[in-house]
Each structure stands twice: as C-alpha cells, then as structure tokens.
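This briefing is addressed to a reader who wishes to relate backbone geometry, strand pairing and surface exposure in one protein chain. Please consult the sequence and the structure below while reading.

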Amino acid sequence: MIVHFYTRPNCGLCEEARLMLELVQEDVHFDIEERNIDTSDEWTEKYGLMIPVIAVDDEIVQAGQIDYMTISKRFQKNT
C-alpha cells in the first residue's frame, strides 16, 4: 500500500502527522510518498488549507489534525 502524505515545509502539524504515520508503520506495512504541495499548483489548490493530508488511492483518510487510531484502523482494512 502506498500512502500519499501531502505536506509543506515548516508545518508543525505536518511534523506531528509524520510521527503518527511512522508509529502506525510499526504495526502495518505501507510506503509513504511525501508530497510537498508547494511544488504543484494543483496540490496547493486542492490541499492548501487542509494540510497535512493523508490519502490512499486518491481517497483522503484524514486531514489537519492526524490521530493514530483513525489512520491505523483505515490502513489495517487495506492489508
């Protein structure tokens, strides 16, 4: 499973979300593809007010405040 992690530099919530992803990764195998929204006008327009955003198969799993339980449950369904 590939998880798309939309973020941008100097984003405190993004750093916390990255830690949550890494914690979940200890229990569920997946790859993280980090995407800096500042490198794409499309991503900035789509996710600019929502970051951090975690998506799987173009479906947003969670945005903004990321919590372990929500992403863990969702990722376990995909395995």
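The points that follow are grouped by topic.

The model is predicted. Strand 3 (53–56) pairs in the antiparallel sense with strand 4 and also runs antiparallel to strand 1. The loop between helix 2 and strand 3 holds Leu49 and Pro52.

**Strand 3 and its partners**

- Four bridges join strand 3 to strand 1 (2–7), and within this antiparallel pair Val3 has Val56 of strand 3 as its bridge partner.
- Four bridges also link strand 3 to strand 4 (59–63), where Gln62 of strand 4 is the bridge partner of Ile54.
- In a regular strand, side chains alternate between the two faces of the sheet.
- In strand 3, Val53 and Ala55 point one way, while Ile54 and Val56 point the other way.
- Val53, Ile54, Ala55 and Val56 are all buried, a term that stands for a relative accessible area under 20%.

**Residues with unusual backbone geometry**

- Most residues other than glycine have a negative phi, and most peptide bonds are trans.
- Asn10 is not a glycine, yet its phi is positive, at about 60 degrees.
- Asn10 is placed in the loop between strand 1 (2–7) and helix 1 (12–25).
- Asn10 counts as exposed because its relative accessible area is 79%, against a cut-off of over 50%.
- Asp57 likewise has a positive phi, of about 55 degrees, without being a glycine.
- Asp57 belongs to the loop between strand 3 and strand 4, in a hairpin that has two residues between the strands.
- With a relative accessible area of 65%, Asp57 is therefore classed as exposed.
- A cis peptide bond is found between Ile51 and Pro52, with omega at about -5 degrees.
- Pro52 of this cis bond is located in the loop between helix 2 and strand 3.

**Nonpolar surface**

- Leu49, Met50 and Ile60 make a nonpolar surface patch of about 330 Å².
- Which stretch of the chain contains Leu49? Leu49 lies in the loop that runs between helix 2 (41–47) and strand 3 (53–56).
- Is Leu49 of this patch buried or exposed? Leu49 has a relative accessible area of 91%, so Leu49 is exposed.

How values were computed. Residues are numbered from 1 along each chain as its sequence is written. This is a predicted model: local features need pLDDT of at least 70, side-chain atom pairs count only at pLDDT 80 or more; totals for chains, interfaces and linings use all residues. Side-chain values use heavy atoms; hydrogens and water are left out. Patches are made of residues with over 30% relative accessible area and no salt bridge: like charges are joined within 9 Å, nonpolar side chains (Val, Leu, Ile, Met, Phe, Trp, Tyr) within 5 Å. Accessible areas come from the Shrake-Rupley method with a 1.4 Å probe; for residues, only the protein chains shown count as cover. A salt bridge is a side-chain nitrogen of Lys or Arg within 4 Å of a carboxyl oxygen of Asp or Glu. Buried means under 20% relative accessible area, exposed over 50%, partly exposed in between (1.4 Å probe, protein chains only). Two strands pair if DSSP finds at least two bridges between them.
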